[in-house]
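Reader: Hello! I'd love a close look at a single part of this protein, taken slowly and in plain words. Could you walk me through one spot and what lies around it?

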Amino acid sequence: MRLAFALYDYFPFGGLERDCRLIAERCAAAGHEVVAFARTWQGPPPAGVAVRTFGRRGLTIPARNRRFVAALQRALAGERPPCDAGVGFQKLPGLDVYYGADPCYAAGLYRKPRWKRWLPRYRHYLANERAVFAPAHGVVVLQYIDRDVAAYMQHYGTRREQFVVLPPNAEHTSHTPADRAAARAAVRAELGAGPDDFVLLAVGSAFTRKGFDRAVTALADLPDPRARLAVLGRDDPRPLQALAARLGVAARVHCLGGRTDAAQWFLGADVLLHPARRENTGTVLVEALHYGLPVLAAERCGYSAHISISGSGLVIPDPFAREALAAAVQAAADPARRADWVGKAVAYAATGALYGCHERAAEAIVAAATAATGRRTRR
């Protein structure tokens with residue numbers, strides 16, 4: 001099969017981009033030809049995958065998106081041999097498969113004032129969503145979690161059989177107790193922390209959406225001068241640093257930028273803090289559990305259920321309250337409780353419940369491409 005993968009922009013530190021890379025590599029390793037199309041691409045291409053970029057042009061986000069769609073359609077029309085299926089990692093017209101990283105846009109918009117539906121920006125996003133989920137298009141939707149399926153069916157009449165709900169997307173890598181001890185020492189050396197200092201970790205880009213300002217506030221609310229917060233991800237750190245300065249914890253908040261050694265931090269920190277405002281799933285939650293790192297996360301994260309099921313941390317209920325997060329962080333400061341959470345995270349990871357997303361997605365993409373090829377042959 002010849003597969004076209006499409007996303008607006010690729011950078012190495014995004015969860016959606018990571019999934020795109022891993023699924024593309026699995027398809028390529030299975031013997032399929034994969035071509036990835038994007039406006040911009042930072043870093044090396046996935047193994048065995050060709051990358052083509054169009055550049056980012058346009059004064060507004062909708063204009064840039066429309067230019068990308070037009071360039072993509074021209075490129076696909078000129079592909080020889082033609083691609084058997086188009087796989088989108090954003091909501092785009094003309095797809096055969098959509099990898100569903102976002103909740104239903106229409107459901108969120110219809111909770112806002114009615115007049116907003118007529119603004120060009122919102123109409124653009126609704127049109128792209130309709131191009132994926134209207135049942136006439138027959139797009140196969142690879143959905144992270146089941147809770148959003150009903151919303152798409154309600155707003156667009158999407159058929160239930162169009163959805164493939166995927167298992168969690170932690171990557172199955174190996175690590176040992178010796179790796180954990182080495183990572184713990186390395187993390188504390190980089191932070192200038194003592195061996196018994198309490199290290200909270202926040203991982204992700206889009207700091208406001210991920211609630212990292214809440215994490216800074218929770219650090220300030222903790223009456224422990226040895227506690228530190230390490231923030232890994234690509235975004236402007238200055239608002240977080242300014243907040244930390246106002247709260248008197250600037251010396252204990254470390255904004256470290258995008259990192260390629262996130263695994264070391266998952267192994268070396270004491271707890272992952274993820275009090276997100278909006279988060280469809282929260283890949284970092286299942287990644288942390290894979291490495292045996294306890295998690296404190298907002299209930300609105302789709303993968304927060306795995307924390308409750310495994311007993312490997314605490315879920316901050318909706319609606320969010322600063323006091324609830326502060327109490328959770330205070331509980332996590334207890335080494336005995338953390339040790340119990342670590343053991344439960346390791347045991348839960350051993351069940352296999354955190355894995356399989358990328359393999360299942362690759363299988364579903366190839367099946368959809370085979371079906372699309374069959375339909376074209378019969379015409």
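Author: Happy to; here is a walk around one histidine, followed by the helices and a loop. Please keep in mind that this is a predicted model.

Let's start at His274, which is found in strand E13, residues 271-274. With a relative accessibility of 0%, His274 counts as buried, because buried means under 20%. The side chain of His274 is joined to that of Glu279 by a polar contact of 2.7 Å. Leaving aside residues up to four places away in sequence, His274 also touches a set of residues that includes Val203, Lys210, Leu296, Ala297, Ala298 and Cys301.

Some partners of His274 lead us to two helices. Val284 and Leu285 are among the residues it touches, and both are buried members of H11. That helix spans residues 283-290, and eight of its eight residues are buried; Glu287 and His290 are among them. Just after H11, Gly292 takes a positive phi of about 75°.

Phe212 is another residue that His274 touches, and this takes us to H8, where Phe212 is buried. Helix H8 covers residues 212-221 and is mostly covered, with seven of its 10 residues buried. Besides Phe212, the buried residues include Arg214, Thr217 and Leu219.

One last stop is Gly248, in the loop between helix H9 (238-246) and strand E12 (253-255). Gly248 counts as exposed because its relative accessibility is 61%. Its C-alpha atom is separated by 7.3 Å from that of Ala220, although the two residues are 28 residues apart along the chain.

Notes
Residues are numbered from 1 along each chain as its sequence is written. This is a predicted model: local features need pLDDT of at least 70, side-chain atom pairs count only at pLDDT 80 or more; totals for chains, interfaces and linings use all residues. Side-chain values use heavy atoms; hydrogens and water are left out. Buried means under 20% relative accessible area, exposed over 50%, partly exposed in between (1.4 Å probe, protein chains only). Helices (H or I, at least four residues) and strands (E, at least two) are DSSP runs, numbered from the N terminus. A polar contact is a pair of N or O atoms within 3.5 Å; within protein, one must be able to donate a hydrogen and the other to accept it, and residues adjacent in sequence count only if both atoms are side-chain atoms. Contact means heavy atoms within 4.5 Å.
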